[in-house]
Amino acid sequence: MLEYISRPNDVYTFVSQDATTLVPPFSCAYNNVANDARNLAIGDEDGTVHIVDTKRDDAHPEKTVAIQAHQNAIFDLCWTSDDSKIISVSGDQTARIHDMETNKCLGIFSGHTGSIKSVSKKFSDENVFATAARDGAVLIWDARCSSTTSAQGETLYRPADRLLNVHASSTRTVPPKKSKHGSDGPNTASAVQYMRHNENIIASTGALDGSVKYWDVRKHGTYFKHDFPSPLDTSTYTPVTKRAHGMTSMALSPDGSALYAVSSDNHIYMFNTASLGSPVERFGGSDFTCSSYYIKISVSPDGNYVAAGSCKDLYVWEVNRPRKKPLIFHGHEREVTGLSGCSDDATVRTWKPNRDLVEECQENQSLRNMHGMVTE
């Protein structure tokens, strides 16, 4: 991957709704099928979803599709398998489904009492998805369930199931204080992920306890009456430091056999999805820093690489060579939160192989300074 490079034309910026400032992107996700899976959805701090055709060099920003999805930052989003819809989740405490042909909102899913951090769709059913939020809850949603219509004509949905306090201590009686910027409270459910090997199971992570938990969600309504529900399984956590560290994000391998979670102890842990137990591998090193609870993780489509943002750069590890130092994708000036490189420097960078251009940049420092480069 050393032949990958990010050109000036591969850098995307977006302006605020009042056209006065650049807006930081908080989340991004490539589509699954259409346009060779090169349509990139980007959720920004203003609540706008931008759809960028990354195959085109002129897709800036007046030539992109922009959907005003929320009135607050979009922390995560995902495409349906046929690319017909996008699910976005936001600091406005709602999830929303958007039609990609009309760009209209098809439904608003309301039930959380804190910013929603993560969304995961059930692989075999486009109508069912799960969300995790700062209120410590994981909610299950089903677009086939009955809905109501607001005075503004919006279609509103309530959760099909509610798992409260999924990573909180059962002895906690006082809600945690609001945390400082870049951190989450101890009750936060930081990520949620549907499993492939058993789609009746979802995994969750928390901001403090460092564990991955499995939950059986085969039947709607199972957990409504439980303030502190019991998980189906919990991973074994052995901290590498004295204080506890939480997880910020999860990603599933394409075949569903491995689950990756990035921890604030500056490591990525790999779990066998068939039996959580202890991590089977750990990735880190080369000054990789999980600097905030906005850091996201991703797995390559072939399953050979795992990547994570950090305090400044994008880090990529070979799955089959965990002791090898990661590749570092340089080019951003501030924290990189997502893949492709979403950064607090208000840019999104995409990366493409171009060996000839890489060699030119290596021989010309001024040219090199204009491009994002990869080092070992």
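In the predicted model, Ile42 lies within strand 4, which spans residues 39–44. Because its relative accessibility is 0%, Ile42 is classed as buried, the cut-off for that class being under 20%. Beyond its sequence neighbours up to four places away, Ile42 is in contact with Phe14, Pro25, Ser27, Cys28, Thr48, Val49, His50, Val52, Leu77 and Val348. Glu376 is 334 residues from Ile42 along the chain, and the C-alpha atoms of these two residues are 28 Å apart.

A further group of buried residues belongs to the largest nonpolar core, which comprises 18 residues. Within this core, the residues that touch the most other members are Tyr260, Ile268, Phe288, Ile297, Val306 and Trp317. Two or more core residues are supplied by each of strand 22 (258–263), strand 23 (267–272), strand 25, strand 26 (305–308) and strand 27 (314–318). Strand 22 provides the largest share, namely three residues. In soluble globular proteins, nonpolar side chains generally tend to be buried together.

Strands 25, 26 and 27 also take part in an open sheet of five strands, arranged in the order 25-26-27-28-33 with antiparallel pairing. Strand 25 (297–299) and strand 33 form the edges of the sheet, each pairing on one side only. On average, and with direction ignored, neighbouring strands of the sheet are turned by 20° against each other. In general, the strands of a sheet pair through backbone hydrogen bonds, in either a parallel or an antiparallel manner. At one edge of this sheet, strand 33 is joined in the antiparallel sense to strand 28 (residues 327–330) over three bridges. His330 has Met373, in strand 33, as its bridge partner.

Strand 33 is also involved in the packing of helix 2, whose buried residues contact strand 1 (4–5), helix 3 (365–368) and strand 33 (373–375). Helix 2 covers residues 355–363, and its buried residues are Leu357, Val358 and Cys361. Viewed down the helix axis, these buried residues of helix 2 fall within an arc of 105°, and therefore line one face of the helix. This arrangement may be read alongside a general property of helices. An α-helix has 3.6 residues a turn, so residues three or four places apart point the same way. The face of helix 2 turned away from the buried side bears the exposed residues Arg355, Asp356, Gln362 and Glu363. Helix 2 thus has a face lined by buried residues, while exposed residues are carried on the face turned away from its buried side.

Conventions
Residues are numbered from 1 along each chain as its sequence is written. This is a predicted model: local features need pLDDT of at least 70, side-chain atom pairs count only at pLDDT 80 or more; totals for chains, interfaces and linings use all residues. Side-chain values use heavy atoms; hydrogens and water are left out. Buried means under 20% relative accessible area, exposed over 50%, partly exposed in between (1.4 Å probe, protein chains only). Helices (H or I, at least four residues) and strands (E, at least two) are DSSP runs, numbered from the N terminus. The arc is that of the directions from the helix axis to the C-beta atoms. Contact means heavy atoms within 4.5 Å. Two strands pair if DSSP finds at least two bridges between them. Axes are lines fitted to C-alpha atoms, for helices over the stretch in contact, and angles run from 0 to 180 degrees between N-to-C directions. A nonpolar core is a set of buried Ala, Val, Leu, Ile, Met, Phe, Trp, Tyr and Cys residues joined through side-chain atoms within 4.5 Å.
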